[in-house]
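Good morning, and thank you for coming. I should like to take you through one structure, beginning with a single helix and its surroundings and then turning to helix pairs and the backbone.

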Amino acid sequence: MLQLGDELLYFSAVFLLAVAVMRSAAGAGLLTASLYVFMVMFRFPPVPADQAARVLRPRAPSGGVPVVAHRGGSHDAPENTLAAIREASRNGATGVELDLSITADGVPVLMHDDTVDRTTNGSGPISKLQFVQLRKLDAAAHHRLKVQFSGEKVPTLQEAVEECIKQRLTIFFDVKDQPDKATSVLHAMYKKFPVLYNSSIVSSFEPKVIYKMRQTDPAVVTALIHRPWSLSRYGDGTPRSPSTWRQLWTGILDILLDWAHHHILWKLCGTSAILVQKDFISLDYVQYWAERGVEVVSWTVNTAVEKNFYQNVLKISYMTDSLQEDCDPHY
């Protein structure tokens, strides 16, 4: 829970910033009071702690921290496929992270990118393809183990859920966009498979997706995904724009977005976890969120050295592209 001292500090900061911008104590006071009332009236309480713990802290087979196969374990099998889910289970994962997408005819399927080009032998935006067209594609076409997994299909969301339930894997649903469609699809899935309330979590970079999910079904465990400096820099640190002024402006937006994630958005949405890029996590960071009842999950941890650090030092869950060997970094 957020402590009273935190709230006093945060809203004091908002008030002082508003005074500096508006040059009016009365106006700043009204703005701060309005924000506080908004937070009180429209925020969602988190799900019960014991429910969140069942999802975020399932018992690992090895006795260590929970390990989540990113996109089903994209190094070990074609990403976002039933084969990947089965491989993740065989390799000792406690859960899988899966990406939700929707075809032109409204069928929810697993796909990370906006197009099918990178992972299949097809081309074009998934939003323009009918499911019958998608089903003909080979989801292993560009994978390093394409011979072993040749002919693997792009699965529907329901097929993936059923396989995860069969394998007793926790599911991290990753939603990129389309909050209305995505939350409607997921809500229907939760109602069809009630076990998901204690074995899955809905996550997104977009706060509006998480807010909409809690609005649609407050019993669903949710998480915000965050990578600091994501607006101004790519994952490897490279600036997104050659323009100095644009970099400066997006850098300022990054600072504001980071502040909002740590002080407002998590509480407004009532999230139970925050999924953070691995390079920004420390013991102090984990402790900061623990004091607020929020679990930290790291992505994407792909070397034995990093995994040892998360298992034995930070002692928090992490996502990985491989449960078998070291593989290339993923940002």
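**Helix H6 and its surroundings**

The buried residues of helix H6 are covered by elements that include helix H4 (82–90), strand E2 (95–102), strand E3 (108–110), strand E4 (170–175) and helix H7. Please keep in mind throughout that this is a predicted model.

Which residues of H6 are buried? They are Leu157, Ala160, Val161, Glu163 and Cys164. These residues lie on the same side of H6, because the arc they cover around the axis is only 165 degrees. As a general point, an α-helix has 3.6 residues a turn, so residues three or four places apart point the same way.

Two other residues of H6 deserve a word. Lys166 also belongs to H6. Is Lys166 buried or exposed? Its relative accessible area is 62%, and since the threshold for exposed is over 50%, Lys166 counts as exposed. In sequence Lys166 is 151 residues from Ser317, and their C-alpha atoms are 22 Å apart in space.

Ile165 is likewise part of helix H6. With a relative accessibility of 32%, Ile165 is classed as partly exposed. If we set aside neighbours within four places in sequence, Ile165 is in contact with Phe193 and Val195. Between Ile165 and Asp76 there are 20 Å from C-alpha to C-alpha, at a separation of 89 residues in sequence.

Just after H6 the backbone has a feature to note: Arg168 takes a positive phi of about 60 degrees.

**H6 against H7**

I now come to the packing of H6 on H7. Helix H6 spans residues 157–167 and helix H7 spans residues 179–192. Their axes are 11 Å apart, and the two helices pack at an angle of about 40 degrees. How is H6 placed relative to H7? An angle under 35 degrees would count as roughly parallel, and at about 40 degrees H6 is therefore oblique to H7. The crossing of this pair is right-handed.

On the H6 side the contact is made by Leu157, Gln158 and Val161, and on the H7 side by Val185, Leu186, Met189 and Lys192. Sorted by class, the contact of H6 with H7 has 5 nonpolar residues, 1 polar and 1 charged. Leu157 and Val161 thus appear in this contact, and both are among the buried residues of H6.

**Helix H9 and its two partners**

Helix H9, residues 244–269, meets helix H8, residues 207–216. The axes of H8 and H9 come within 9 Å and cross at roughly 25 degrees. Because that angle is under the 35-degree limit, H8 is roughly parallel to H9. Pro207, Ile210, Tyr211 and Arg214 of H8 make the contact with Leu265, Leu268 and Cys269 of H9. By class, there are 6 nonpolar residues, no polar and 1 charged in the contact of H8 with H9.

The second partner of H9 in this talk is helix H10, residues 283–290. Here the axes come within 12 Å, with a crossing angle of roughly 30 degrees. That makes H9 roughly parallel to H10, and the crossing of H9 and H10 is right-handed. Which residues meet between these helices? From H9 there are His261, His262, His263 and Trp266, and from H10 there are Tyr285, Tyr288 and Trp289. The contact of H9 with H10 divides into 4 nonpolar residues, 3 polar and no charged.

**Backbone features in loops**

I close with the loops. Gln178, which is not a glycine, has a positive phi of about 50 degrees. Gln178 sits in the loop between E4 and H7 and, at 34% relative accessibility, counts as partly exposed.

Trp229 is not a glycine either, and its phi is positive at about 65 degrees. Where is Trp229 found? Its place is the loop between strand E6 (222–226) and H9. The relative accessible area of Trp229 is 40%, and Trp229 is partly exposed.

Finally, the peptide bond from Trp299 to Thr300 is cis, with omega near -15 degrees. Thr300 lies in the loop that runs between strand E8 (295–299) and helix H11 (304–314).

Thank you for your attention.

Note on methods
Residues numbered from 1 in each chain as written. Predicted model: local features only at pLDDT ≥ 70, side-chain atom pairs only at ≥ 80, totals over all residues. Heavy atoms only, no water. Axes fitted to C-alpha atoms, helices over the stretch in contact; angles between N-to-C directions. Helix = DSSP H or I, 4+ residues; strand = E, 2+ residues; numbered from the N terminus. Parallel < 35°, antiparallel > 145°, perpendicular 65-115°, else oblique. Contact = heavy atoms within 4.5 Å. Nonpolar A, V, L, I, M, F, W, Y, C, P; charged D, E, K, R; others polar. Left-handed = near helix turned anticlockwise from the far one by under 90°. Buried < 20%, exposed > 50% of the residue type's maximum accessible area, 1.4 Å probe, protein only. Arc of directions from axis to C-beta.
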